[in-house]
Amino acid sequence: TMQVMADFRRASITDKLTGLYNYAHFIDRLKHEQYRADRDGSHFSIIIFDLDRFKQVNDTYGHEKGNVLLKAIAGILRMNARRMDTVARYGGEEFVILMPESRGAELEMAERIRKKIEETEFVGIAEGPIRVTISGGLCTYPHDAASIDDLLAKADKALYSAKTDGRNRTLSHERMRHSQER
């Protein structure tokens, strides 16, 4: 009975395709981190990633091959996150990493992941290996945002700016704000 309950719990918090945590679990962890940060004066960051031109992969090779790519991306995210981080599928071809006590390392991690994905030759999708890129937006609580909704919106806005500025880049809300003030 205990094993069945553990399996049910794991299934309820896991994205079936990628094996990462699902959106609902990510939101639960996000709320937990906000409570902790408010209680003890700590901070945390989120990085939202979006695969660049993923629709072209699906249109060219089919949705099943697109799923192969999503699983491979999930593996790279999982392998490059810290043990304490929460890596989740945010939706579609979007992923998110929740970084408790990021201590300014969030942009470095986002860039490391971005470069790793850019350099990887993905197999099992086309006749030969293919390369893809990813864009990221990040934001830190409470430094950049006063609430979870604000945090998500600002990370998403940074992601959107990274996409419109040419893709294959990461942008923090703070860096975006400073460049707009100039």
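Here are a few notes on two parts of this model, helix 5 and the meeting of helices 2 and 6.

1. A word on the basis: the model is predicted, with local features needing pLDDT of at least 70, side-chain atom pairs counting only at pLDDT 80 or more, and totals for chains, interfaces and linings using all residues. Residues are numbered from 1 along each chain as its sequence is written, and side-chain values use heavy atoms, leaving out hydrogens and water.

2. Start with helix 5, residues 106-119 (helices are DSSP runs of H or I, at least four residues, and strands are runs of E, at least two, numbered from the N terminus). Its buried residues are Glu106, Met109, Ala110, Ile113, Arg114 and Ile117 (buried is under 20% relative accessible area, exposed over 50%, partly exposed in between, with a 1.4 Å probe and protein chains only). Seen down the axis, these fall within an arc of 135°, so they line one face of the helix (the arc is taken from the directions from the helix axis to the C-beta atoms). Glu108 and Glu119, on the other side, are exposed.

3. What covers that buried set? Among the elements are strand 1 (44-51), helix 4 (63-80) and strand 3 (94-100) (contact means heavy atoms within 4.5 Å).

4. Now look at Gln34, which sits in helix 2 (residues 23-40). Gln34 counts as buried because its relative accessibility is 14%. Leaving aside residues up to four places away in sequence, Gln34 touches Phe44, Tyr141, Ala146, Ser147 and Ile148.

Terms used
Expected span 1.5 Å × (residues − 1).
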